[in-house]
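Student: Could you take me through one part of this structure in close detail, strand by strand and contact by contact? I would like to see how a single strand sits among its neighbours.

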Amino acid sequence: MAKQALFYVFSATPMQPLSLENKACDLAADAWRLGKKVLIACQTKEQALLIDEMLWQRDPEQFVPHNLSGEAGGYMTPVEICWPEKRNSQRRDLLISLSLQVPEFALLFPQVIEFVPTDEKLKILARERYKYYRQLGWQLGTEQA
């Protein structure tokens, strides 16, 4: 089975603050409900803490079992949130990447979700990530966010 990378493209309307993080939380919740183990790779520890807090603030019926990398000890929660300086190496099904470059560990995953923000500089970086996956022979897709 070919590896897959799906890029969520945000529309040209001004992005709501934290819309990228909200989308990552929603996608992680959807994947968890399908029985997948998910890693959300953040750009910074601050972004990881923000996503952690956003997942805790969901309504009780929308709860997603999650932890920050290194928090859970020997127990693997369905959703883990990491940043460049902190990542566990447990096997997961899906990588949701908020990184500006393809994380070096992305190739370990059968499925990756990436984002294409509205900012032109960030769009250029997203195109570079898209080209990288294409050169590796991954199946690529895009969807409107």
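Tutor: Happily; what follows is a close look at strand β6 and its surroundings. This is a predicted model, in which local features need pLDDT of at least 70 and side-chain atom pairs count only at pLDDT 80 or more, while totals for chains, interfaces and linings use all residues. Residues are numbered from 1 along each chain as its sequence is written, and side-chain values use heavy atoms, with hydrogens and water left out.

Let's start with the sheet. Seven strands form an open sheet with parallel pairing, in the order β3-β4-β2-β5-β6-β1-β7. Strands here are DSSP runs of E of at least two residues, helices are runs of H or I of at least four residues, and both are numbered from the N terminus; two strands pair if DSSP finds at least two bridges between them. At the edges stand β3 (66-68) and β7, each with a single partner strand, so one side of each is left without a neighbour in the sheet. From one strand to the next, the twist averages 20 degrees. As general background, strands of a sheet pair through backbone hydrogen bonds, either parallel or antiparallel.

Now to β6 and its partners. Strand β5 (residues 94-97) pairs with β6 (residues 111-116) in the parallel sense over three bridges. Leu95 stands opposite Val112, and Ile96 stands opposite Ile113. With β1, β6 also runs parallel, and six bridges join the two. There, Phe7 has Glu114 as its bridge partner in β6. Phe7 also stands opposite Thr142 in β7, and β1 and β7 pair in the parallel sense over six bridges.

How well covered is β6? Six of its six residues are buried, where buried means under 20% relative accessible area, exposed over 50%, and partly exposed in between (1.4 Å probe, protein chains only). In a regular strand the side chains alternate between the two faces of the sheet. Both faces of β6 are covered: Gln111, Ile113 and Phe115 are buried on one side, and Val112, Glu114 and Val116 on the other.

Next comes the helix that packs here. Helix α3 (120-135) packs on the sheet and touches β1 (4-9), β6 and β7 (contact means heavy atoms within 4.5 Å). The direction of α3 makes about 155 degrees with that of β6; axes are lines fitted to C-alpha atoms, for helices over the stretch in contact, and angles run from 0 to 180 degrees between N-to-C directions.

A charged pair also links this helix and the strand. Arg129 and Glu114 meet through their side chains in a salt bridge (2.5 Å, N to O), defined as a side-chain nitrogen of Lys or Arg within 4 Å of a carboxyl oxygen of Asp or Glu. Arg129 lies in α3 and Glu114 in β6, so the pair ties together parts that are 15 residues apart in sequence. Arg129 counts as buried because its relative accessibility is 5%, and Glu114 counts as buried at 0%.

Another salt bridge in α3 joins the side chains of Glu128 and Lys131 (3.3 Å, N to O). Being three residues apart in the helix, Glu128 and Lys131 are separated by about one helical turn. Glu128 is partly exposed at 43% relative accessibility, and Lys131 is partly exposed at 36%.
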